[in-house]
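Biologist: I have a sequence and a model in front of me, and I would like to go through them with you step by step. Could you begin with the surface and then move on to the fold?

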Amino acid sequence: MFSLNGKNVSHDMLQLALNYIDINNLKGRRISFLCGDAGPLAIATVISYKFGNGRPDNLPDYHNLVKRLINLSTLVQESPDELLYGRVGYLYALLFVNKYIGEKNGVSANNIEKVISSVLKSGKQFSQQMKSESPLLWQWHDKIYLGAAHGISGILYVLLQGRSYINAEEIRSFIKPTLDWLLKQRFPSGNFPSSLKSSSGDRLVQWCHGAPGFVPLCLLAYQIFHEEKYLNIAIQCGDVIWQRGLCAKGFSICHGVAGNAYAFLQLYQVTKKAVYLYRACCFVEWCACGRAGSELRRPDRPASLFEGLLGRIYLAADIVNPMEAKFPAFCL
């Protein structure tokens, strides 16, 4: 048996996971964990490390996989900054590897610091270009997105998870003021716009755009900076999700009810209040029952983790140990 994130993982489970990873036909065009080469390489690295001397012949040694992951840094300068396709998605992959195999065996601090530096440099330059009140600002597809998937919320959340690699002055003078500016963009309802000056209004309540993606950021900020305002905003986001979070888009993790359930699990983990576990269970039940008319648009990838059935299954397995549950490919 092996230990992974506090859970026992058998040799057979590692082998089964390996069957779903193809690291021989990567395209070398995208850099992120979720939508690029970094994800399969990062997961294969951890599996190889956990196998130890029992590693299968068709799986490279984890040292070689770490090198391949680091070599992706040649794509950093031409990549956007956001989570799904960009630099922060790559940063997550590096942090993921180091969490599970340790920095001594994994990615050096220097390599991680270079990625963080490029994200911060981009944010500073675009903020100056836009003459923004926020000291950091990023865009994707010519929009200043605010949410977790493509926007500032997701970027800040991953940066704060990697805060041990960031100079304290950068956090104090750039990251925290950007966070405070971002939270001022809320609607009176407590929800967040999808982008700055968004024309869609106060409509989306889903992880990728809206309040659910801000819950983990605010909770982490509360744990780091010990300011009650961050916890209060997270709680207010939770109320918005409870009132409006049964999405007509369906059950997905990215833009559906499963992703919204994770916000309640995150609130439960920090506050220990049973009401949030109850709300998470209600949303899980909604996903499990699959009522007719609850999913008005069939997912493009109906079996996938972020859009399809696998996300619901992942949530159902995760909620069995609610204090250990983590939003996949986002929360370390």
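Biologist: How much area does the protein chain expose, and what percentage of it do carbon and sulfur atoms supply?
Modeller: This is a predicted model, so please take each value as computed from it. The protein chain exposes about 15300 Å². Of that exposed area, the share supplied by carbon and sulfur atoms is 50%.

Biologist: Does the radius of gyration of the protein chain agree or disagree with a compact globule, and what is its value?
Modeller: For 332 residues, a compact globule would have a radius of gyration near 20 Å. The C-alpha trace spans about 55 × 50 × 35 Å along its principal axes, and 54% of the residues count as buried. The radius of gyration agrees with the globule value, because the protein chain has 19 Å.

Biologist: Which elements make up the protein chain, and in what order do they run from the N terminus?
Modeller: The protein chain contains two strands and twelve helices. Read from the N terminus on, the order is β-β-α-α-α-α-α-α-α-α-α-α-α-α.

Biologist: Is helix α2 mostly covered or mostly open, and how many of its residues are buried?
Modeller: Helix α2 covers residues 38-51 and reaches 20 Å from its first C-alpha to its last, close to the 20 Å expected. Buried here means under 20% relative accessible area, and the residues that meet this in α2 include L41, V46, I47, K50 and F51. The helix is therefore mostly covered by that definition, and the number of buried residues among its 14 is eleven.

Biologist: Which residue follows α2, with a positive phi?
Modeller: The phi in question is near 60 degrees. The residue that follows α2 with this positive phi is G52.

Technical notes: Residues numbered from 1 in each chain as written. Predicted model: local features only at pLDDT ≥ 70, side-chain atom pairs only at ≥ 80, totals over all residues. Heavy atoms only, no water. Helix = DSSP H or I, 4+ residues; strand = E, 2+ residues; numbered from the N terminus. Expected span 1.5 Å × (residues − 1). Buried < 20%, exposed > 50% of the residue type's maximum accessible area, 1.4 Å probe, protein only. Rg over C-alpha atoms; globule rule 2.2 N^0.38 Å. Areas by Shrake-Rupley, 256 points an atom, 1.4 Å probe, with all protein chains shown as cover.
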